[in-house]
Structure formats: structure tokens, C-alpha cells
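Me: I am new to this structure and would like to learn how to read a few of its features. Could we go through them one at a time?

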Amino acid sequence: MAATLLLTAAAVAQDLGPQSQASRQQVEKLLGLWKDHFAGAESLQQRRTAFKALMETTPGPTRIQVRQVDADGVDAELIWPARLHHPIGQRVILYIHGGGFSSGSIRTHSLLAGSLAKAASSDVLLIDYRLMPEYGYPAQINDALTAYRWLLDNGYRSENVVVAGDGAGGNLALETVLRQKQAGKPLPAAVIALSPITDLAATGGSMTSNAGSDPLVDRAAIETLRQAYLGSRSATDPQASPLYADLTGFPPLLLQVGSGEVLLDDTLRLADKARQAGVDVTAEVWPGMPHQWQLFPSLLDDADRSSQNIAEFAIRHFADKPQE
């Protein structure tokens with residue numbers, strides 16, 4: 001099965017080489033922590049609590065500056081490198097955290113956001129959007145779009161803005177930019193989606209083929225999210241599942257996904273559809289990586305590597321490059 005997946009990935013994604021033994025051991029340790037924290041966590045609220053507890057065991061970011069901001073009603077932190085000559089207000093990554101539309105926070109993603117700020121020599125706006133079940137669709141997308149437009153209203157030029165997110169946050173990043181495109185308003189320089197949920201109908205083949213290798217996400221989990229998030233709305237509505245959207249004119253796109261994730265095909269099918277629409281797509285399939293591995297640089301060497309790729313992609317697409 002793994003060979004089949006890698007052949008599928010090779011057609012649309014960069015070859016990152018085989019996973020090292022050290023990497024496999026690091027992943028096993030991380031998965032043990034996941035299992036310990038999520039044991040018995042069935043409801044959305046229980047999973048939110050488990051994710052919060054897990055991420056509180058990870059270190060916080062260092063060598064950054066932080067400012068609390070109100071982005072037109074959306075709570076957020078503006079993060080930038082603690083460097084004497086960093087030009088705050090010039091380049092920014094809008095980061096939309098993952099967590100199944102129902103969990104995650106500024107705290108759970110602050111280490112990744114801080115790492116990206118330093119590696120990309122960029123500001124990062126990390127937002128706390130409204131979560132379900134307290135708030136359903138489209139509150140999450142509306143908050144992300146509000147934050148993006150707040151950046152443009154507060155001095156950031158669209159060509160110096162990159163929109164990024166992981167998991168459900170990847171879905172929100174894509175949908176935010178699609179709405180901006182549909183409105184005929186300025187688009188960001190690029191978009192980064194890490195293991196995004198692109199198809200809430202869960203029709204990808206990897207939902208089945210990778211069911212035995214993904215301990216973090218499965219078809220049942222996606223179905224639970226869909227019901228809570230969308231209610232009676234169709235799971236194939238392009239306003240909620242970007243796989244079904246018209247991607248013509250979409251900005252350059254970086255996608256990352258683990259080879260064993262059930263969301264593998266959500267990424268690869270989106271990459272293929274975007275390329276067919278003329279989008280500049282970079283897709284990376286990381287061997288052996290679990291969902292949201294980028295959040296754990298303290299445990300995984302590949303988290304550092306993948307975050308460096310994200311930062312380099314952002315730098316390539318900012319109109320105003322960082323000065324050495």
C-alpha cells in the first residue's frame with residue numbers, strides 16, 4: 001500500500017526521499033503522547049481539552065515580540081522577530097490554526113507561528129477565530145476573512161501577505177482567499193495549506209487506504225466535523241469544501257501532507273485541480289509524518305525542516321524580500 005501511495009504522490013508532489021530510522025522513532029514518541037492525551041476524548045469539547053493539554057507540554061516560542069491586537073473584532077496576536085532592525089508592518093503571514101474547526105488556539109500554534117516569523121523575517125498574525133460547536137459555519141471563515149482585510153486596512157500591501165493554515169485552518173485559508181477572489185478584491189501573494197481538509201464529503205481514496213496508518217484522523221472524525229460544522233449544508237458546497245471550487249486565478253500555493261494521512265488525497269486532488277486551473281502549485285508529501293507534525297519542532301527534526309520550507313516559500317513570494 002505504501003508503494004502505491006508514493007507512486008500516486010510522485011505524479012503531483014516533490015520527492016522528499018525516504019524517512020530515516022531516527023525520524024520514525026521520533027514519530028512513534030509523538031504518537032504515544034497523542035494517544036495518552038486523547039484517550040477517551042470522544043466529544044468535540046473533550047478533544048479540545050485534550051489538544052490544549054497536549055500543546056501545553058510543548059515549549060513556547062523564543063526571541064520574538066508579541067502584541068495583542070483586535071482585528072476588527074477578531075482576537076489575535078501579532079508576532080515578529082526580536083531583532084533590532086526588523087521592519088514591523090512590511091511583510092506578514094496570516095496564520096489560521098487547525099483543530100477541526102472546534103479546537104486549537106493562539107497557544108497551541110504559537111511555537112510554529114514564532115518559528116515562521118523568525119525564519120521568514122516576517123510578522124505573523126495568529127488569530128483566535130470562533131470555534132464550533134458554539135459557532136457553526138461560516139463564522140470561522142468570516143473571522144479569517146475579517147483578519148485578512150484588517151491587515152490590508154492597516155498598512156500591509158496584499159503582495160506582502162501570505163495566508164497559511166493547517167488541517168481545518170488550511171480549509172479556512174483556502175476558503176478565505178476564494179471569497180476574496182470572488183469579491184474581486186486584492187489577493188495575497190501566496191497561500192500555504194498544511195494537510196488541509198479540502199473535501200468535507202470525505203471521498204478521497206486515502207480515507208480508506210490510509211485508515212490503518214493514521215491514528216489521528218479518520219473518516220468518522222471528518223463526518224462528525226461535517227455534521228457539527230455544516231448542519232444540513234452540502235459537504236460538496238465549494239463555499240465549504242475548496243476541492244469543489246473554481247481555482248482559476250488562485251495565488252501560488254504550497255501544500256504539505258504526510259504520506260500516511262487519511263487527508264493525503266485531499267491535498268493531492270487539490271494540487272492536481274489547481275494545476276489544471278493554471279495555479280503555480282508546490283506539493284510536498286512527507287514520508288511517515290502524522291497530521292500536524294509541523295507543530296512539534298521540539299520532538300521532530302522534520303518539523304524544523306518543513307517549517308523552513310514554508311518560510312522559504314513565503315520569502316519567494318513576498319514582493320519586498322527580507323534584507324540579509
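Me: In which helix is Asp153 found?

Reply: Bearing in mind that this is a predicted model, you will find Asp153 in helix H5, which covers residues 139-153.

Me: Is Asp153 buried or exposed?

Reply: A residue counts as exposed when its relative accessible area is over 50%. Asp153 has a relative accessible area of 62%, and is therefore exposed.

Me: Which residues form a negative surface patch?

Reply: The negative patch on the surface is made up of Asp70, Asp72, Asp75, Asp128 and Asp153.

Me: How many aromatic pairs are there?

Reply: Ring centres must lie within 6.5 Å to make a pair, and by this rule the count is six aromatic pairs. A pair of aromatic rings is described by how far apart the centres are and by the angle of the planes. For Phe101 and Tyr229 the centres are 3.9 Å apart and the planes are at 10°, so this pair is stacked.

Me: Where in the chain are Phe101 and Tyr229?

Reply: Phe101 is in the loop between strand S3 (92-96) and helix H4 (106-120), while Tyr229 is in helix H8 (residues 219-230), so that the pair links distant parts of the chain, 128 residues apart. Both Phe101 and Tyr229 are buried.

Me: Why is the pair of Trp286 and Trp293 tilted?

Reply: Their ring centres are 6.0 Å apart and their planes are at 45°, so the pair counts as tilted. Trp286 and Trp293 are both buried.

Me: Which residues form one aromatic cluster?

Reply: One aromatic cluster is formed by Trp34, Phe38, Phe51 and Phe296.

Methods
Residues numbered from 1 in each chain as written. Predicted model: local features only at pLDDT ≥ 70, side-chain atom pairs only at ≥ 80, totals over all residues. Heavy atoms only, no water. Patch = residues over 30% accessible without salt bridge, like charges linked within 9 Å, V, L, I, M, F, W, Y side chains within 5 Å. Areas by Shrake-Rupley, 256 points an atom, 1.4 Å probe, with all protein chains shown as cover. Salt bridge = Lys/Arg side-chain N within 4 Å of Asp/Glu carboxyl O. Lys, Arg positive; Asp, Glu negative; His and termini not counted. Charge placed at Lys NZ, Arg CZ, Asp CG, Glu CD. Helix = DSSP H or I, 4+ residues; strand = E, 2+ residues; numbered from the N terminus. Buried < 20%, exposed > 50% of the residue type's maximum accessible area, 1.4 Å probe, protein only. Phe/Tyr/Trp six-rings, centres within 6.5 Å; stacked < 30°, edge-to-face > 60°.
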